[in-house]
Amino acid sequence: MAALQITDDQIVDLVRQLPPATRADLLLKLSTAGRQSRTEIRTRMERRIREVCRERGLDWDSMDDEARQDFVEDWLEED
């Protein structure tokens with residue numbers, strides 16, 4: 001079965017052709033899905049940061065902002 005090839009501009013044009021209520025519903029659903037995805041990513045990253053801190057004998061929750069920033073910068077440089 002052939003896959004449909006459609007550009008971003010074509011999708012935008014199609015969405016603009018929807019009735020206003022349908023378009024609003026679609027945009028709300030997309031926005032909600034994006035927000036949920038960002039929340040899930042943030043939760044996983046926070047869990048991972050705390051885990052790496054524990055592995056190194058550190059406590060993320062007791063660190064001040066500067067110590068946290070230094071830790072994350074050092075951690076990112078390792079990869």
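User: What order do the elements of the chain follow from the N terminus on?

Analyst: In this predicted model, the elements run α-α-α from the N terminus on, and the chain holds three helices and zero strands.

User: Why is L14 called partly exposed?

Analyst: L14 has a relative accessible area of 48%, and since buried means under 20% and exposed means over 50%, with partly exposed in between, L14 is therefore called partly exposed. The residue is placed in helix α1, which covers residues 8-16.

User: What makes L14 eligible for a patch on the surface, and which residues form the nonpolar patch?

Analyst: Patch residues need over 30% relative accessible area, and L14 has 48%, so the area condition is met by L14. The nonpolar patch is formed by L4, I6, I11 and L14, which together have about 400 Å² of accessible area.

User: How do you know how the chain compares with a compact globule of 79 residues?

Analyst: The radius of gyration of the chain is 21 Å, whereas a compact globule of 79 residues would have one near 12 Å. Along its principal axes, the C-alpha trace spans about 55 × 30 × 20 Å.

User: What share of the residues counts as buried, and how much accessible surface does the chain have?

Analyst: With buried meaning under 20% relative accessible area, 10% of the 79 residues count as buried. The accessible surface of the chain comes to about 7,000 Å², and 53% of that belongs to carbon and sulfur atoms.

User: How many charges of each sign does the chain carry, and how far apart are their mean positions?

Analyst: There are 13 positive and 19 negative charges, and their mean positions lie 10 Å apart.

Notes
Residues are numbered from 1 along each chain as its sequence is written. This is a predicted model: local features need pLDDT of at least 70, side-chain atom pairs count only at pLDDT 80 or more; totals for chains, interfaces and linings use all residues. Side-chain values use heavy atoms; hydrogens and water are left out. Patches are made of residues with over 30% relative accessible area and no salt bridge: like charges are joined within 9 Å, nonpolar side chains (Val, Leu, Ile, Met, Phe, Trp, Tyr) within 5 Å. Accessible areas come from the Shrake-Rupley method with a 1.4 Å probe; for residues, only the protein chains shown count as cover. A salt bridge is a side-chain nitrogen of Lys or Arg within 4 Å of a carboxyl oxygen of Asp or Glu. Helices (H or I, at least four residues) and strands (E, at least two) are DSSP runs, numbered from the N terminus. Buried means under 20% relative accessible area, exposed over 50%, partly exposed in between (1.4 Å probe, protein chains only). The radius of gyration is taken over C-alpha atoms; the globule rule is 2.2 Å times the number of residues to the power 0.38. Lys and Arg count as positive and Asp and Glu as negative; His and the chain ends are not counted. The place of a charge is taken as NZ of Lys, CZ of Arg, CG of Asp or CD of Glu.
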